[in-house]
Amino acid sequence: MSAYRDEDPRLHGIKTKIRVVPHFPKSGREVLTFLGLAGIMFQDITTLLLDPKAFKDTIDLFVERYKGKNISVVAGIEARGFIFGPPIALAIGAKFVPLRKPKKLPGKVISQEYILEYGRDCLEMHVGAVEAGERAIVVDDLIATGGTLCAAMDLLERVGAEVVECACVIELPELKGRERLNGKPLYVLVEYLEV
């Protein structure tokens, strides 16, 4: 499911506030070779955050979708999931659980490794942050190939949580990340076709 197909008038304002930066953070030849693409067009949400109305509209669209859905956990993926996840969690009355890179969380953690386009990475979560039977959404700024979202879902499901949906501001559909989610629903606000 995608909000951009619903033609909510707020979506145009959100999309126009996302800056596209070519070849950032690097030219990404190894990524491009792996993906068979011509160029990286980085989707920069920092410009969206500079516009209070567009930022509020972004949060409001997610809150409208998840309010009253009995969601008890909003899991945000480091780092930009930390921007969108907490206000969504507060508005729907859920707890916010950060999913972080290795060695960033104090105390006992569980880990989930995953493969990126150009290597391996890992997400960690505090032991006891999420309990079996809790209903969760996973929040990030963008879905590209879907590896990070899959790792986040695996981490939550390993402790017995039900991942209801993944929520992203942006989707890059050409990278087919949605297909890697094994049928798990994905809700996005805007898509960019050029990569």
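**Exercise 1. Work out what share of the longer-range contacts in the protein chain joins residues at least 24 apart.**

Start with the term: a contact is a pair with heavy atoms within 4.5 Å. Next, keep the contacts between residues at least 6 apart in sequence; 62% of these join residues at least 24 apart. For the wider setting, the protein chain has 195 residues, and 46% of them count as buried (buried is under 20% relative accessible area, exposed over 50%, partly exposed in between, using a 1.4 Å probe and protein chains only).

A word on the source: this is a predicted model, where local features need pLDDT of at least 70 and side-chain atom pairs count only at pLDDT 80 or more, while totals for chains, interfaces and linings use all residues. Residues are numbered from 1 along each chain as its sequence is written, and side-chain values use heavy atoms, with hydrogens and water left out.

**Exercise 2. Lay out the open sheet and say which strands stand at its edges.**

First, count the elements: the protein chain has six helices and nine strands (DSSP runs numbered from the N terminus, H or I of at least four residues for helices, E of at least two for strands). Five strands make up the open sheet, with parallel pairing and the order β4-β3-β7-β8-β9; a pair needs at least two DSSP bridges between the strands. Now the edges: β4 (95–99) and β9 (186–191) each have a single partner strand, so one side of each lacks a neighbour in the sheet. From one strand to the next, the twist averages 20°.

Zoom in on one pair: β7 (residues 135–143) and β8 (residues 162–171) run parallel over eight bridges. In that pair, Val138 sits opposite Cys166 in β8. Finally, add helix α4 (residues 52–66), which packs on the sheet, touches β7, β8 and β9, and points at about 155° to β8.

**Exercise 3. Describe how α4 and α5 pack.**

Two packed helices are described by the angle between their axes and the distance between those axes. Here α4 and α5 (residues 81–92) pack at about 50°, axes 9 Å apart (axes are lines fitted to C-alpha atoms, for helices over the stretch in contact, with angles from 0 to 180 degrees between N-to-C directions). That makes α4 oblique to α5: under 35 degrees counts as roughly parallel, over 145 as roughly antiparallel, 65 to 115 as roughly perpendicular, and the rest as oblique.

Then look at the residues: on the α4 side they include Phe55, Phe62 and Tyr66, and on the α5 side Phe84, Pro87 and Ile92 are among them. Sorted by class, this contact has eleven nonpolar, one polar and no charged residues (Ala, Val, Leu, Ile, Met, Phe, Trp, Tyr, Cys and Pro are nonpolar, Asp, Glu, Lys and Arg charged, and the others, Gly among them, polar).

**Exercise 4. Place Arg135 and find what it touches.**

Arg135 lies in strand β7. With a relative accessible area of 22%, Arg135 is partly exposed. Now compare sequence and space: Arg135 and Lys69 are 66 residues apart in sequence and 9.0 Å apart C-alpha to C-alpha. Leaving aside neighbours within four places in sequence, the contacts of Arg135 include Lys69, Ile71, Val73, Glu162 and Val164.

**Exercise 5. Do the same for Leu193.**

Find Leu193 in the segment after β9. Its relative accessibility is 46%, so Leu193 counts as partly exposed. Not counting residues up to four places away in sequence, Leu193 touches Pro173 and Glu174.
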